[in-house]
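Please load the model in a viewer with residue labels enabled. The stops below are meant to be followed in order, each beginning with a selection.

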Amino acid sequence: MQKKRIITICVLVLLLLMASMFYLNRSVIFQRGNPIPYLRAAAQISEEQPYVVVDDARGIYISKRGNCPELFEYFQDAMGVEFIEQAGSGYIFSNGTDNYVISSEIYWGRYTVWTLPAPDVL
């Protein structure tokens with residue numbers, strides 16, 4: 001009986017600690033809304049696939065933290081543009097007449113979320 005009570009108390013304390021950590025970090029966990037699509041895509045990142053589509057309709061991709069030259073190459077090939085310059089978290093590309101911006105955001109400190117121009121442009 002005593003052993004069962006100690007185990008129950010330990011489980012409750014553990015659950016309380018986990019719930020408080022979740023509550024205290026909720027702004028980071030939900031910084032882009034529902035984290036499940038981002039985590040699912042992040043789990044697919046590999047050497048062969050350095051970036052993964054999170055939401056194709058909105059042009060959102062995810063990669064390991066830092067620049068992703070493979071994503072830039074894909075964008076340049078798809079749009080027929082070339083890289084011009086980086087302005088903060090935005091990367092500017094141009095085809096001579098139109099300019100396009102790929103924006104980036106650090107996600108959970110380990111990943112970079114990229115927002116490409118609207119897919120109807122692609």
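Begin by selecting Cys-68, which is buried, with a relative accessible area of 3%. The model in view is a predicted one. Next, add Cys-10 to the selection: Cys-10 is partly exposed, and its relative accessible area is 48%. As for sulfur bridges, the structure holds 0 disulfides.

**The sheet**

Switch to a cartoon representation and display the strands. An open sheet is formed by 6 strands, arranged in the order 1-2-6-5-4-3 with antiparallel pairing. Which strands stand at the edges? Select residues 51–55, strand 1, and residues 82–87, strand 3: each of these has a single partner strand, so one side of each is left without a neighbour in the sheet. Averaged over this sheet and with direction ignored, neighbouring strands are turned by 30° against each other.

**Strand 2 and its two partners**

Now select strand 2, residues 60–64. Is this strand mostly covered or mostly open to the outside? Strand 2 is mostly covered, with 4 of its 5 residues buried.

Turn first to the side of strand 1, which is joined to strand 2 by 4 bridges in an antiparallel arrangement. Label Val-52 to find the residue standing opposite Ile-62 of strand 2. Then follow the chain through the hairpin of strand 1 and strand 2, where 4 residues lie between the strands. Within this hairpin, select Gly-59 and inspect its backbone: phi is positive, near 70°.

Turn next to strand 6, residues 111–115, which runs antiparallel to strand 2 and is joined to it by 5 bridges. Two pairs may be highlighted here. Tyr-61 has Trp-114 of strand 6 as its bridge partner, and Lys-64 stands opposite Tyr-111 of strand 6.

**Thr-112**

Remain in strand 6 and select Thr-112, which has its place there. Thr-112 is buried, with a relative accessible area of 5%. What lies 3.1 Å from a polar atom of the side chain of Thr-112? Display the backbone of Gly-66: its nitrogen is found at that distance. Beyond neighbours within four places in sequence, the contacts of Thr-112 comprise Tyr-61, Ile-62, Ser-63, Lys-64, Arg-65, Gly-66, Ser-104 and Glu-105.

**The nonpolar cores**

Show side chains for the next selection: Leu-71, Phe-75, Phe-93, Ile-102, Trp-114 and Leu-116. These have the most contacts inside the largest nonpolar core, which has 14 residues. Colour helix 4 (69–79), strand 4 (90–94) and strand 5 (99–107), since each supplies at least two residues of this core. Helix 4 provides the largest share, 4 residues.

Centre the view on Leu-71. With neighbours within four places in sequence left aside, Leu-71 is in contact with Tyr-51, Tyr-61, Trp-114 and Leu-116. A second, separate core of 11 residues can then be located through Tyr-38, Ile-45, Val-54 and Val-113, which are among its members.

**Helix 2**

For the final stop, select helix 2, residues 26–29, and within it Val-28. Val-28 is partly exposed, with a relative accessible area of 40%. Add Gly-109 and draw a distance between the two C-alpha atoms: the separation is 9.6 Å, although Val-28 and Gly-109 are 81 residues apart along the chain.

How values were computed:
Residues numbered from 1 in each chain as written. Predicted model: local features only at pLDDT ≥ 70, side-chain atom pairs only at ≥ 80, totals over all residues. Heavy atoms only, no water. Pairing = 2+ DSSP bridges. Axes fitted to C-alpha atoms, helices over the stretch in contact; angles between N-to-C directions. Buried < 20%, exposed > 50% of the residue type's maximum accessible area, 1.4 Å probe, protein only. Polar contact = N/O pair within 3.5 Å; in protein donor to acceptor, adjacent residues only side chain to side chain. Contact = heavy atoms within 4.5 Å. Disulfide = S-S within 2.5 Å. Core = buried A, V, L, I, M, F, W, Y, C linked by side-chain atoms within 4.5 Å.
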